[in-house]
Amino acid sequence: MAPKISTAQRRLLKEFQELLKSPTDGIVAGPITEDNLFRWRCILEGPPGTVYENGVFEAEMDFPADYPLSPPKMKFTSEILHPNIYKDGTVCISILHPPGDDPLQYESADERWGPLQSVEKILLSVCSMLAEPNPNSPANIDAAKLWRENRDKFDEIVRAQVLKSLD
Amino acid sequence: MATFTDPLDSITDPSDWADSTFPNLSKLDSLLRCHICKDFLKAPVLTSCDHIFCSVCIRRSLESDKKCPLCHEETYESKLRKVLLLDEISTWFTRNRPELLDKHRPTANNTPEPVAALEPEKPAAPLRYESRKKRAAEDPLVECPVCSTFMSADELQTSHIDSCLANKRARPSPSRPVISSFFKKERTPQTQPEFVKKKTKITNLDPTISTNKLKEKLNYWNLPTGGTRYQMETRMKEFISMYNANLDSVNPVDDRVLINRLMKWEGTYSLSNTAGDTAEDGAQWRRRYRKEYDELIKQARANMNRINTKLDSTD
């Protein structure tokens, strides 16, 4: 008999199993320890053709007890400069926002969090966010400014971070 | 390590059929799953936009967002309709899945023709207890109109009905009562037991309810009244979802079983909130994913070298 585990835990185990069985290129993710399924570590490869290319970035995900009804939180532990990533590494992306709190409705429901989204979809969205920053809702104002006004400098910093991520 | 891999093994996936002799079953396997929990449908319900989820999953989801998670159309709990037939199909599949999977496992030295296991047994073979038992699991059982014993249609027509009519006292062979009494317990398909029909769904919790009223409500349903206001509210909400979902099941359980499940749910629910792992766990994680990590870095370095050499050659 399967041990008694919650819906959230079952669902997380299932996603973990799927990621192990059919890994997606450039993405590795799994629970950090065996006794807490609600904390994951992920590794993202910088998308090819972007300034993040060749970078290997680490991030952590914290899942709520009512997952998949509420989204996880994602935070990069590697240094990474990006207009939509806070200085502390927290990722600001529509897929991690619950459908409830968007009074301006500028993010469509499809892009936002819902129980049908998954870890894999989040990581793929973050990859495309790395490729195409959204300058309309900057989380890191300095990075957004640099990205807009001095792209060479921005790219230079990111390239240094890419090199650092490989150590 | 065992504690980690064991629950992982208990999680089923449509891809389990990939190596079987009938890989197409993965389609059925995935069709019978709920989009929210990714597990087999339990007490499935149909939304007003024609989508199907486990009753408890969609009720929990509608609690925070009154939209269908699939099509984002507005949906209300009151509009959910149970689909008992699908509940029975899903239950049947879940129960028989391990055996089905086992039967379709390719044997090591003898590759069977695909679908062979699905073909009916040779009709000429004499009916022995074993094969009858197997049939009982696969064929729908029919009731003898004379003695009300359940058996396969085949058996009823070929031998039983004659002997039964000739001698109304004819009783099933000694091995049969076990099976027939077991199946007699089953209700006619797609009906719920009487006790459920008398029950009505609990209306959703009014968020402005006073704490005293909330306690009264919890007391009424024999639920614990301990913890903070938030904990009581969460407990009540989850109980309402469980209770209402139970009424959508073809095999509903007693309220006491529900309360038991609720308490277990609360136990696992609070577990997740315990923080506490950092550096050491990180090291553990890195060890586990060493291979993947190294692979990624190797690829990245290779790409970089390629680009560098390209740049060099163009210089």
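The following exchange takes up some strands, a helix and a recorded domain in a predicted model.

Author: In this predicted model, local features need pLDDT of at least 70 and side-chain atom pairs count only at pLDDT 80 or more, while totals for chains, interfaces and linings use all residues. Residues are numbered from 1 along each chain as its sequence is written, and chains are lettered from A, with ligands numbered from 1, in the order in which they are written.

Reader: Why is strand E1 of chain A called mostly covered?

Author: A residue is buried if 20 or more other C-beta atoms, placed from the backbone, lie within 10 Å of its own; in E1(A), a strand (a DSSP run E of at least two residues, numbered from the N terminus) at residues 27-33, 5 of the 7 residues are buried, so the strand is mostly covered.

Reader: How do you know that E1(A) pairs with E2 of chain A?

Author: Two strands pair if DSSP finds at least two bridges between them, and 6 bridges join E1(A) to E2(A), residues 36-45, so these antiparallel strands are paired. A:Gly30 stands opposite A:Arg41 in E2(A), and a hairpin of 2 residues joins the strands.

Reader: What makes strands E2 and E3 of chain B edge strands?

Author: Chain B has an open sheet of 3 strands in the order E2-E1-E3, with antiparallel pairing; E2 (52-54) and E3 (81-82) each pair on one side only. E1(B), residues 44-46, is joined to E2(B) by 3 bridges, and B:Val45 has B:Phe53 as its bridge partner.

Reader: Where does the RING-type domain of chain B come from?

Author: UniProt, in an unreviewed entry, places "domain: RING-type" at residues 34-72 of chain B, and such annotations may be inferred rather than shown by experiment.

Definitions and conventions. Buried ≥ 20, exposed ≤ 12 C-beta atoms within 10 Å, placed from the backbone. Helix = DSSP H or I, 4+ residues; strand = E, 2+ residues; numbered from the N terminus.
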